[in-house]
Amino acid sequence: MQTLTVIGPGRLGSTLARLARQSGEFEVVDVMARRVEPLRLACDFIGAGRPVSEMRQLAPVDLYLLAVPDAAVAFCARALAAAGVVPAGSVVFHASGVGEASLLQPLAERGAHVASLHPAFSFADPARAVAGFAGTLCALEGDEAACLRLEPFVLALGGRPFRLAAGGKAAYHAALSVASNYLVALTAMAQGLTRQAGVPAELAAPLLGGLMRQTLDNALELGPRAALTGPILRGDVGTVERHLSVLADVELASAYRALGRQTVALAGERLPDEARRQLMALLY
Ligand SMILES: NC(=O)c1ccc[n+]([C@@H]2O[C@H](COP(=O)([O-])OP(=O)(O)OC[C@H]3O[C@@H](n4cnc5c(N)ncnc54)[C@H](OP(=O)(O)O)[C@@H]3O)[C@@H](O)[C@H]2O)c1
């Protein structure tokens, strides 16, 4: 059985540690945090692990998960390396979506294999996360030996590992942010416009939701190019002009224009040259 230590048993750390224990393939050895009471609760939740408050107390293990907030990863990596407790050949990984394995360079210099392992999952509540984690795609990036040893770890948790090339984390995380956070921002923009139009508040969600779900399904199943419909694809310059005439908020108009230019690009050669020229003039 492989051994695992978790530094930072917060939402992600305690979920992954509990899934690892439940798999029967990993023994959770130490669990480290700074605050005593949350640490005790985390060990109870994981169902294993010795509560530890200082890095120099950590026992040697096969895998170290640094599940601290992104801003603390580099600092904790330096502290862990300085503590001199990580044996050469062990694997140290963090879970930041945007940070690379290189954040763990001080540990690599001491002979550890380093990686980042990012589950594309929202760990709002550990109990719910444990129940819903199965099938989650997990991006692995780092040195080859670390990735090879983390693939079976991800599979044991019920996740689906895939590799990212070095240098890809920022674009990978930007993709997830655009898909998730910007979708929420777009929903808010559209809801604001339904209010401006005088649509009854209780109808805004069903009105937009039906269209948004159908469009998202089309975009994911057919691809964005085939899923595109609407005034820009039709080259309907007058409609776009009328939309812009009611966007009083400068930021909203600017977002509409930026997304409109992306839509013109997606329409590509299906848009006649003259319509494209007129649309781009409006959208700049
Ligand atoms: N939550 C998600 O949905 C999610 C999804 C994907 C990836 N991630 C990634 O997972 C990592 C952890 O996120 P999280 O949401 O689980 O954070 P979190 O719930 O805030 O937990 C952070 C943990 O780190 C500990 N900690 C903070 N600073 C520390 C330090 N200097 N030394 C030792 N322990 C420290 C905290 O306990 P003490 O304060 O008591 O030390 C706590 O146990 C981040 O890299 C995040 O980007 C999170």
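**Exercise 1. Ligand surroundings**

Determine which backbone and side-chain atoms lie 2.9 Å from an oxygen atom of the ligand, and which residues come nearest to the ligand.

*Solution.*
Step 1. In this predicted model, a backbone N or O atom of Arg11 is placed 2.9 Å from a ligand oxygen atom.
Step 2. For Arg35, an N or O atom of the side chain lies 2.9 Å from an oxygen atom of the ligand.
Step 3. Phe123 offers a backbone N or O atom at 2.8 Å from a ligand oxygen atom.
Step 4. There are 20 residues around the ligand, and the nearest of them are Leu12, Arg34, Arg35, Asp70 and Phe123.

**Exercise 2. Packing of two helices**

Classify the arrangement of helices α1 and α6 from the angle at which they pack, and describe the residues of their contact.

*Solution.*
Step 1. Helix α1 covers residues 11-23 and helix α6 residues 144-157; their axes are 8 Å apart and form an angle of about 85°.
Step 2. Angles of 65 to 115 degrees count as roughly perpendicular.
Step 3. The two helices, α1 and α6, are therefore roughly perpendicular to each other.
Step 4. From α1, the residues Leu16, Leu19, Ala20 and Ser23 meet Phe153, Ala156 and Leu157 of α6.
Step 5. This contact of α1 with α6 comprises six nonpolar residues, one polar residue and no charged residue.

**Exercise 3. The environment of Asp30**

Decide whether Asp30 is buried or exposed, and identify the side chain that a polar contact joins to that of Asp30.

*Solution.*
Step 1. Asp30 belongs to strand β2, residues 26-32.
Step 2. Its relative accessible area is 0%, and under 20% means buried; Asp30 is therefore buried.
Step 3. The side chains of Asp30 and Arg50 are joined by a polar contact of 2.7 Å.
Step 4. Beyond its neighbours within four places in sequence, Asp30 has contacts that include Leu4, Thr5, Val6, Val52 and Gln57.

**Exercise 4. Two helical residues**

Assign Arg195 and Met280 to an accessibility class, and give a C-alpha separation for each.

*Solution.*
Step 1. Arg195 is located in helix α7, residues 169-197. With a relative accessible area of 61%, Arg195 is exposed.
Step 2. The C-alpha atoms of Arg195 and Leu19 are separated by 45 Å, with these positions 176 residues apart along the chain.
Step 3. Met280 is found in helix α13, residues 273-283. Its relative accessibility of 21% makes Met280 partly exposed.
Step 4. The C-alpha atoms of Met280 and Arg261 are 6.8 Å apart, and the two residues are 19 residues apart along the chain.
Step 5. Not counting residues up to four places away in sequence, Met280 touches Arg261 and Val264.

Definitions and conventions: Residues numbered from 1 in each chain as written. Predicted model: local features only at pLDDT ≥ 70, side-chain atom pairs only at ≥ 80, totals over all residues. Heavy atoms only, no water. Axes fitted to C-alpha atoms, helices over the stretch in contact; angles between N-to-C directions. Helix = DSSP H or I, 4+ residues; strand = E, 2+ residues; numbered from the N terminus. Parallel < 35°, antiparallel > 145°, perpendicular 65-115°, else oblique. Contact = heavy atoms within 4.5 Å. Nonpolar A, V, L, I, M, F, W, Y, C, P; charged D, E, K, R; others polar. Buried < 20%, exposed > 50% of the residue type's maximum accessible area, 1.4 Å probe, protein only. Polar contact = N/O pair within 3.5 Å; in protein donor to acceptor, adjacent residues only side chain to side chain. Near = heavy atom within 4 Å.
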